[in-house]
Amino acid sequence: MKVARLIKTDAKYDLSVTDVDAPSLEAGKVLVEVHKAGVNPLDWKIKEGAMSPRDPVTLGEDFEGVVRDVGAGVSGLEPGDEIYGMAGFVNGASGSFAEYDLVDPQNVALRPKSVGEAEAGALPLTGVMALQAVTELFRLSPGEKILIHGGAGGIGSIAVQLARNLGAHVAVTCAADETDYVRSLGASEAIDYETQNFEEVISGYDAVYDLIGGEVYEKSFRVLKPGGTIVSTLEPPDEDLMSKYGVKAIYQHFQPTRKRLMKLAVLVDEGDIKVHVDKAFPLTETSEALRFQKEARPKGKIVIDVK
Ligand SMILES: NC(=O)c1ccc[n+]([C@@H]2O[C@H](COP(=O)([O-])OP(=O)(O)OC[C@H]3O[C@@H](n4cnc5c(N)ncnc54)[C@H](OP(=O)(O)O)[C@@H]3O)[C@@H](O)[C@H]2O)c1
């Protein structure tokens, strides 16, 4: 089978599409034929040396595909099921940029039926992050105010829709040419991160979802009201800023579960969440897909067309 594989050279990794043996079924695992694999910033960051995965290793977290076989002890899934989920690459499993993958049944669920394979394959990581943040970490109530940094990106675009659906007032930071897009998702205010200082535009917010980190994270404490919450996917809680502003700070690490993926699928099928795929690349052009994700400022998600 074909895979997009990282091979270590000095501090970085080279990515090449190569033939390897397909994985054999194991007890407690699901053998999936991958059709589409979503690209995340994580993928190019790992290629550039942000983590030290096994060497060589097949890259990719998100996928959509069809169950080909289930190992002993697996319940609730059977051959022919169309599923989506995460390969568990970050936790040491082989990645989803591959024609077949052996996955943990707890990291997958039946895919949403109302969208295409590409949209389903693009959703797992960003969707689970946004769902966990909005409904479990912030626990937003109607009328509460949330600022979502990077509202036009993968996680941000789903978080905007979830927060809007809960009746929250949603402000986002985004590029000027993404204003119409984020408003169409449900944002009430769009702040251009290149020409405006968000901390001078809004204040008294209940929640900030930080998908950018660094200076943006630090300045975000100023727009929170006392008792507010900031969740960051990039920064550990800053104890000094927490006590200075009287707010709670949380670092969010992704935790896929079948329950969250099932909930996401329902939200998609009921029309509460839309996934926007900007561009698809064949598996042979995975390097270009990663470059596009990093540099081309995609609107929505990038997908690898594996099958
Ligand atoms: N902790 C974890 O487990 C975990 C899990 C998933 C993701 N993450 C991290 O979370 C971050 C967001 O992920 P994602 O998938 O949503 O990324 P993404 O799809 O690349 O979206 C990022 C968005 O932020 C925008 N942006 C860039 N600079 C900005 C700024 N200064 N202010 C406001 N917006 C800005 C980008 O706009 P342009 O298009 O204009 O550049 C883009 O729309 C990534 O760094 C990712 O690695 C962490």
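These notebook entries record what I looked up in a predicted model.

**Entry 1. Domains**

I began with the division of the protein chain. The chain falls into domain 1 (2–123 + 275–305) and domain 2 (126–251). I then looked up the separation of the two, and their C-alpha centres lie 28 Å apart. To the contact between them, domain 1 contributes 7 residues and domain 2 contributes 8 residues. I sorted the domain 1 side of this contact by class and noted 1 nonpolar, 3 polar and 3 charged residues.

**Entry 2. The ligand**

Where does the ligand lie with respect to domain 1 and domain 2? I found that both domains give residues to the shell around the ligand, so the ligand lies between them. The shell holds 27 residues, and I noted G150, G153, G154, Y193 and R297 as the closest. I listed the elements that supply two or more residues to this shell: α1 (41–47), α3 (124–137), α4 (154–165) and β10 (169–174). By class, I recorded 14 nonpolar, 11 polar and 2 charged residues in the shell.

**Entry 3. R297 and R139**

I returned to R297, one of the closest residues to the ligand. R297 sits in the loop between α10 (286–295) and β16 (301–305). I checked its backbone and found phi near 50°, a positive value in a residue other than glycine. For background, I noted that most residues other than glycine have a negative phi. Is R297 buried or exposed? R297 counts as partly exposed, because 13 other C-beta atoms lie within 10 Å, and the exposed class ends at 12.

I looked up R139 next. Its phi is also positive, near 50°, and R139 is likewise a residue other than glycine. R139 belongs to the loop between α3 and β9. With 11 other C-beta atoms within 10 Å, R139 is exposed.

**Entry 4. The six-stranded sheet**

I traced an open sheet of 6 strands with parallel pairing, in the order β11-β10-β9-β12-β13-β14. Which strands stand at the edges of this sheet? They are β11 (189–192) and β14 (248–251); each has a single partner strand, so one side of each is left without a neighbour in the sheet. From one strand to the next, the twist averages 15°.

I followed the pairing at β14 in detail. Strand β13 (residues 224–232) runs parallel to β14, and 4 bridges join the two. Within this part of the sheet, I found S232 opposite Y251 of β14.

I also examined what lies over the sheet. Helix α4 lies across β9 (145–149), β10 and β12 (205–210), and runs at about 165° to β10. I had already met α4 and β10 among the elements of the shell around the ligand.

**Entry 5. The three-stranded sheet**

I then turned to an open sheet of 3 strands, whose order is β2-β1-β4 and whose pairing is antiparallel. Strands β2 (12–19) and β4 (57–58) stand at the edges; because each has a single partner strand, one side of each is left without a neighbour in the sheet.

How many bridges join β1 to β2? I found 8 bridges, and the two strands run antiparallel. Strand β1 (residues 2–9) is also antiparallel to β4, to which 2 bridges join it.

I used R5 to follow the pairing across the sheet. R5 stands opposite S16 in β2, and its bridge partner in β4 is T58.

I finished with the hairpin of β1 and β2, which has 2 residues between the strands. In this hairpin, D10 takes a positive phi near 55°.

**Entry 6. L110**

My last look-up was L110, which belongs to strand β8 (residues 108–110). I counted 18 C-beta neighbours inside 10 Å, so L110 is partly exposed; a buried residue would need 20 or more.

Which residues does L110 touch, leaving aside those up to four places away in sequence? They are D81, E82, I83 and A265. I also checked L110 against V67, which is 43 residues apart from L110 along the chain. Their C-alpha atoms are separated by 9.9 Å.

How values were computed. Residues are numbered from 1 along each chain as its sequence is written. This is a predicted model: local features need pLDDT of at least 70, side-chain atom pairs count only at pLDDT 80 or more; totals for chains, interfaces and linings use all residues. Two residues are in contact if their C-beta atoms, placed from the backbone, lie within 7 Å. A residue is near a molecule or strand if its C-beta atom, placed from the backbone, lies within 6 Å of it. Ala, Val, Leu, Ile, Met, Phe, Trp, Tyr, Cys and Pro count as nonpolar, Asp, Glu, Lys and Arg as charged, and the others, Gly among them, as polar. Domain bounds come from an automatic or database domain assignment. Two strands pair if DSSP finds at least two bridges between them. Axes are lines fitted to C-alpha atoms, for helices over the stretch in contact, and angles run from 0 to 180 degrees between N-to-C directions.
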